[in-house]
Amino acid sequence: EGVEGVRAVYEEGLNPFAAFARKERMARYQELNGAEKLMLSMANLVLASKRARMALAVYVLCLHMLTMAALYSFSHVRTCDRTRAASLALAQAALG
């Protein structure tokens, strides 16, 4: 197994197509600006492990739940408070 692994690495180093692909990849990477390099690094970091992908999925799910709760709260609770205040004002005007 050790000899075969070394042989594969050695032969890959001799492969002109692999060398060309590596040079092209490095050239494209050098053309990126700083923000794009940062985003590529973060994407590689997140996509590298299952734990990181799961953490990102949980984080995004929590953000969506927080957003939905806030939207519900702002739309429903405040509307109910305004309706209740208007109803109380009408009731007080009718009574007194």
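The turns below ask why certain labels apply to this predicted model.

User: How many helices and strands are there, and how do they run?

Analyst: The protein has four helices and zero strands. From the N terminus on, the order is α-α-α-α.

User: How do you know how far the protein is from a compact globule?

Analyst: Set the radius of gyration against the rule. A compact globule of 96 residues would come near 12 Å. The protein has 30 Å. The box around the C-alpha atoms, along the principal axes, is roughly 95 × 35 × 15 Å.

User: What share of the residues counts as buried, and what is the cut-off?

Analyst: Buried means under 20% relative accessible area. Of the 96 residues, 1% count as buried. The protein exposes about 8,700 Å². Carbon and sulfur atoms supply 68% of that area.

User: Why is helix α2 said to lie largely in the open?

Analyst: Helix α2 has 16 residues, and the number buried is one. So α2 lies largely in the open.

User: What makes the span of α2 close to the expected one?

Analyst: Helix α2 covers residues 16–31. From its first C-alpha to its last it reaches 23 Å. At 1.5 Å a residue, 22 Å is expected. The two values are close.

User: Why is L56 called partly exposed?

Analyst: Partly exposed lies between the 20% and 50% cut-offs. L56 has a relative accessible area of 40%, so it counts as partly exposed. Its place is in helix α4, residues 50–95. L56 and V46 are ten residues apart in sequence, and their C-alpha atoms are 7.6 Å apart in space.

User: What makes L56 eligible for a surface patch, and which residues join it?

Analyst: A patch residue needs over 30% relative accessible area and no salt bridge. L56 is at 40%. The nonpolar patch is made by L56, Y59, V60, L63 and L66. Its area is about 470 Å². One general point on helices helps here. An α-helix has 3.6 residues a turn, so residues three or four places apart point the same way.

User: Why is S73 called partly exposed?

Analyst: The same 20% and 50% limits apply. S73 has a relative accessible area of 31%, so it is partly exposed. S73 is also found in helix α4. S73 and L61 are twelve residues apart in sequence and 18 Å apart in space, C-alpha to C-alpha.

User: Which helices have the lowest and the highest mean pLDDT?

Analyst: Helix α1, residues 2–14, has the lowest mean among the elements, at 75. Helix α3, residues 34–48, has the highest, at 93. For the protein, the mean pLDDT is 85. Of its residues, 92% reach 70 or more.

Methods: Residues numbered from 1 in each chain as written. Predicted model: local features only at pLDDT ≥ 70, side-chain atom pairs only at ≥ 80, totals over all residues. Heavy atoms only, no water. Helix = DSSP H or I, 4+ residues; strand = E, 2+ residues; numbered from the N terminus. Expected span 1.5 Å × (residues − 1). Buried < 20%, exposed > 50% of the residue type's maximum accessible area, 1.4 Å probe, protein only. Patch = residues over 30% accessible without salt bridge, like charges linked within 9 Å, V, L, I, M, F, W, Y side chains within 5 Å. Areas by Shrake-Rupley, 256 points an atom, 1.4 Å probe, with all protein chains shown as cover. Salt bridge = Lys/Arg side-chain N within 4 Å of Asp/Glu carboxyl O. Rg over C-alpha atoms; globule rule 2.2 N^0.38 Å. pLDDT = per-residue confidence, 0-100.
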